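Please look at the sequence and the structure below side by side, and keep both in view while reading. The paragraphs that follow begin with the aromatic rings and then widen to the whole chain.

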Amino acid sequence: MKLTELARELNISAEAIKRFIQDFDLDLGECIFTNFEIKDDFEKFVCENIDFLRQYEKDLDAEKSVKEIAETINQPQEK
């Protein structure tokens, strides 16, 4: 299954899945073949964690200040 097909099937954006892979520093080669086919293990992971991914996608669209981010992750703003 292609990345875009999985995203459409689960009603989330392909961009959210791509950003998830990047933001959580997942090895792209472990998730997707070079032709953008999703690997079985990653497809299973996405399906099992769809609620988290939907919340993650909503959060991507939200405007956040440096202060809000620092408070959320309990880190200083200057980092």
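**Aromatic rings and their surroundings**

A search through the whole structure, which is a predicted model, finds eight aromatic pairs. One of these is formed by F24 and F52, whose ring centres are 6.0 Å apart and whose planes meet at 70°; because an angle over 60 degrees counts as edge-to-face, the pair is given that name. This pair links distant parts of the chain, since F24 belongs to the loop between α2 and α3 while F52 belongs to helix α5, which covers residues 50-61, and the two are 28 residues apart. Are these two residues buried, partly exposed or exposed? F24 has a relative accessibility of 42% and therefore counts as partly exposed, and F52, with a relative accessible area of 44%, is partly exposed as well.

The pair also belongs to a wider group, for ring pairs link F20, F24, F42, F45, F52 and Y56 into a cluster. Within this cluster, F20 has its place in helix α2, and because its relative accessible area is 5%, which lies under the 20% cut-off, F20 is buried. Which residues does F20 touch, if those up to four places away in sequence are not counted? They are L26, F45, F52, L53 and Y56. For L53 there is also a distance to look at: F20 and L53 are 33 residues apart in sequence, yet from C-alpha to C-alpha they are 7.9 Å apart in space.

**The core and the overall fold**

In soluble globular proteins, nonpolar side chains tend to be buried together. Here the largest nonpolar core has 17 residues, and those with the most contacts inside it are I17 and F42. Two or more residues of this core come from each of the elements α1 (3-10), α2, α4 and α5. F42, which is also a member of the ring cluster, touches I17, I21, L26, E30 and C31 when residues up to four places away in sequence are not counted.

Stepping back to the whole protein, there are six helices and zero strands, so that the order of elements from the N terminus on can be read as α-α-α-α-α-α. The C-alpha atoms fill a box of roughly 40 × 25 × 20 Å, taken along the principal axes. Of the 79 residues, 25% count as buried, and among contacts between residues at least 6 apart in sequence, 58% join residues at least 24 apart.

**The surface, the charges and two loops**

The accessible surface of the protein comes to about 6000 Å², and 48% of this belongs to carbon and sulfur atoms. As for charge, the protein has 11 positive and 20 negative side chains, with the centres of the two sets lying 2 Å apart.

Two residues in loops deserve a look at their backbone angles. D25 is found in the loop between α2 (14-23) and α3 (28-31), where its phi is near 55°, a positive value in a residue other than glycine. Is D25 buried or exposed? Its relative accessibility is 70%, and because this is over 50%, D25 counts as exposed. F36, in turn, is found in the loop between α3 and α4 (40-48), and the phi of F36 is near 70°, again a positive value in a residue other than glycine.

How values were computed
Residues are numbered from 1 along each chain as its sequence is written. This is a predicted model: local features need pLDDT of at least 70, side-chain atom pairs count only at pLDDT 80 or more; totals for chains, interfaces and linings use all residues. Side-chain values use heavy atoms; hydrogens and water are left out. Helices (H or I, at least four residues) and strands (E, at least two) are DSSP runs, numbered from the N terminus. Buried means under 20% relative accessible area, exposed over 50%, partly exposed in between (1.4 Å probe, protein chains only). Rings of Phe, Tyr and Trp (its six-membered ring) pair if their centres lie within 6.5 Å; planes under 30 degrees apart count as stacked, over 60 as edge-to-face and the rest as tilted. Contact means heavy atoms within 4.5 Å. Accessible areas come from the Shrake-Rupley method with a 1.4 Å probe; for residues, only the protein chains shown count as cover. Lys and Arg count as positive and Asp and Glu as negative; His and the chain ends are not counted. The place of a charge is taken as NZ of Lys, CZ of Arg, CG of Asp or CD of Glu. A nonpolar core is a set of buried Ala, Val, Leu, Ile, Met, Phe, Trp, Tyr and Cys residues joined through side-chain atoms within 4.5 Å.
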